[in-house]
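Welcome! Here is a short tour of a protein model, starting with its sheet and ending at one residue.

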Amino acid sequence: MTRLLIVDDDREIANLIRIYIDNEGYECEVAYDGEEALQLLRSNHYDLVVLDIMMPKVDGFVVTRVIRESQAIPILMLSAKTEDMDKILGLMTGADDYMTKPFNPLELMARVKSLLRRTYQLNDRLRSEGHRQMDHVLSLGELEINKELHTVKVAGTAVHLTSIEFDILTTLAESPGRVFPAEDLYERVWKEPFQGAHNTIAAHISKLRDKLHKLGQPLIQTVWGVGYKIDVD
């Protein structure tokens with residue numbers, strides 16, 4: 001059964017989210033601060049985390065960084081902060097999505113389902129010429145993407161990506177050299193209409209690029225004023 005972790009020090013909000021998650025038939029646990037969340041994460045498996053930012057003891061940014069050190073669990077971040085920079089920081093830290101409070105519980109559940117779909121269902125995409133591909137494997141130079149296992153390796157070294165980062169990389173890798181405008185990339189990966197989410201795309205691209213560059217793969221290029229592409233020399 002799909003298992004979710006809710007982390008929020010506001011018990012009223014946490015319990016409200018739990019009611020909606022229970023109604024969808026998902027298994028759910030609740031932590032009321034970041035320290036408790038990390039304890040649960042060390043001893044349990046979760047398919048998605050709904051995570052508040054401002055909490056006592058350990059905040060949501062720290063929890064996200066700890067998760068990303070070893071896991072690619074989808075993270076939906078919640079915050080009363082509405083500034084663009086707060087959202088960018090959350091996404092740069094490793095969150096897959098970000099919602100501001102107050103929020104519509106129905107929209108939250110729609111986003112939860114969207115993240116879960118991206119995690120468990122791999123999309124059939126057109127194969128592009130110019131790169132070797134087996135049934136479920138894309139290979140470009142030293143980069144190898146296994147779409148069935150949802151894994152990425154560079155020169156044999158595993159790269160831990162979030163589900164969003166994986167889908168962005170796969171979309172670009174399937175059409176090497178093609179420039180994807182931010183609008184096109186967003187709608188392909190998020191599967192919802194683009195509503196000016198340039199900062200969201202830029203934050204995820206930056207995080208993905210950093211992970212690949214650490215292993216000597218400067219693959220993702222920005223074509224200023226146009227979009228993003230992936231190239232292998």
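An open sheet of five strands, paired in parallel, follows the order β2-β1-β3-β4-β5. Strands here are DSSP E runs of at least two residues and helices are H or I runs of at least four, numbered from the N terminus; two strands pair if DSSP finds at least two bridges between them. At the edges lie β2 (27-31) and β5 (97-100), each pairing on one side only. Strand β4 (residues 75-79) runs parallel to β5, joined by four bridges, and S79 stands opposite T100 in β5.

This is a predicted model: local features need pLDDT of at least 70, side-chain atom pairs count only at pLDDT 80 or more, and totals for chains, interfaces and linings use all residues. Residues are numbered from 1 along each chain as its sequence is written, and side-chain values use heavy atoms, leaving out hydrogens and water.

Two helices pack on the sheet, with contact meaning heavy atoms within 4.5 Å:

| Helix | Strands touched | Angle between directions |
|---|---|---|
| α2 (residues 34-43) | β1 (3-7), β2 and β3 | about 140° with β2 |
| α3 | β3 and β4 | about 170° with β4 |

Angles run from 0 to 180 degrees between N-to-C directions.

Now meet D52, found in strand β3 (residues 48-52). UniProt lists D52 in an unreviewed entry for "modified residue: 4-aspartylphosphate"; such annotations may be inferred rather than shown by experiment. D52 is buried, with a relative accessible area of 4% (buried means under 20%, exposed over 50%, partly exposed in between, with a 1.4 Å probe and protein chains only). Not counting residues up to four places away in sequence, D52 touches V7, D8, D9, G60, L78, S79 and K101.
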